[in-house]
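Me: I have a model open and some quick things to ask about it. Can we go through them one at a time?

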Amino acid sequence: MENGLPEEKPIKLLAISASPRKNGNTQFILEKAVECMEDQKFPVELITYSFAGKKMESCMGCLACYKNGGNCVIKDSFETIRRLWKEADCILYCTPVYVAGIPGQLKNFIDRLSNADYGLDIRGTRHMKTIGVIAQGGDFFGGGAELCMVDIMRHAAMMNCVYIPPDASYVGSGGWVWDSHRKAMEEKAALATKDYQLTLENARNIITRSVEMAAIIRTGAGKLRGVLETDEKYRYYYERTVEE
């Protein structure tokens with residue numbers, strides 16, 4: 001046991017770069033944010049996923065997933081990230097701002113994930129993951145970062161998860177890339193601008209709080225297993241996290 005958690009069962013953190021562009025601002029700030037893994041109070045396994053180069057079609061609303069056990073009939077990258085999402089304890093989305101909202105690929109994934117979840121044999125599954133977000137865009141004020149965060153907050157609620165803001169912000173970590181070119185965040189890091197430092201500080205605080213809350217949830221769920229396992233809605237959570 002390490003800090004109350006089995007060493008062979010570390011907290012799994014899935015860090016998702018939601019930008020369709022490779023090696024841009026989103027990927028840069030996410031990579032810098034997760035450098036704090038060694039500073040966590042609990043053992044963490046980091047898994048990363050990038051939407052860059054991936055195909056993610058929109059939901060067709062065919063509802064086939066309602067009838068076949070939650071399997072999406074569209075053959076693209078969805079099942080890969082869905083599997084990673086379901087296995088994780090913590091989800092950290094890092095997204096650019098596209099027209100005052102999240103990119104289409106991320107929205108497509110969220111829509112399909114939610115619909116496919118309704119196709120499971122248990123409706124209202126308690127996934128109980130922690131979810132946080134870093135959003136960065138080209139406008140300093142009113143540019144849409146907060147709207148991206150609200151999109152992810154709704155997603156967390158729909159999936160019966162716990163949304164995690166940083167200590168210094170109401171909803172998430174927002175970043176400004178001044179003129180939106182793909183190396184802007186890297187340039188700001190080199191200059192050590194105050195806004196970049198705050199973005200990174202908030203992002204790392206989200207990670208720390210997410211890992212801590214995931215540990216609290218797992219510990220509490222383990223102690224309450226005798227009470228909660230009679231409710232089918234908790235079955236998937238226990239299958240994923242609690243050892244026999």
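Me: Y118: buried, exposed or partly exposed?
Reply: Y118 is partly exposed, at a relative accessible area of 36%. Buried means under 20% relative accessible area, exposed over 50%, and partly exposed in between, with a 1.4 Å probe and protein chains only. This is a predicted model, where local features need pLDDT of at least 70 and side-chain atom pairs count only at pLDDT 80 or more, while totals for chains, interfaces and linings use all residues. Residues are numbered from 1 along each chain as its sequence is written, and side-chain values use heavy atoms, with hydrogens and water left out.

Me: Where does Y118 lie?
Reply: Y118 lies in helix α3, residues 104–118. Helices (H or I, at least four residues) and strands (E, at least two) are DSSP runs, numbered from the N terminus.

Me: Which residues make the nonpolar surface patch with Y118?
Reply: L63, Y66 and M158 make the patch with Y118, and its area is about 360 Å². Patch residues have over 30% relative accessible area and no salt bridge (a side-chain nitrogen of Lys or Arg within 4 Å of a carboxyl oxygen of Asp or Glu). Nonpolar side chains (Val, Leu, Ile, Met, Phe, Trp, Tyr) are joined within 5 Å, like charges within 9 Å. Areas come from the Shrake-Rupley method with a 1.4 Å probe; for residues, only the protein chains shown count as cover.

Me: Switching to strands. How many residues of β3 are buried?
Reply: In β3, residues 90–96, 7 of 7 are buried. C90, L92, C94 and P96 point one way, and I91, Y93 and T95 the other way. In a regular strand the side chains alternate between the two faces of the sheet.

Me: What does β3 pair with?
Reply: β3 pairs with β1 (residues 11–17) in the parallel sense over 5 bridges. L13 stands opposite C90 there. β3 also runs parallel to β4 (residues 130–137), joined by 7 bridges, with I131 as the bridge partner of I91. Pairing takes at least two DSSP bridges between the strands.

Me: Cysteines next. How many disulfides are there?
Reply: The search of the whole structure finds 0, a disulfide being a pair of cysteine sulfur atoms within 2.5 Å. For C161, the nearest cysteine sulfur is that of C90, 10 Å away.

Me: And why is C59 in no bond with C65?
Reply: Because the two sulfurs are 6.5 Å apart, too far for a bond.

Me: Back to C161. What is it in contact with?
Reply: Leaving aside neighbours within four places in sequence, C161 contacts W85, H127, M128, K129, I131 and A156 (heavy atoms within 4.5 Å). C161 counts as buried, at 13% relative accessibility.
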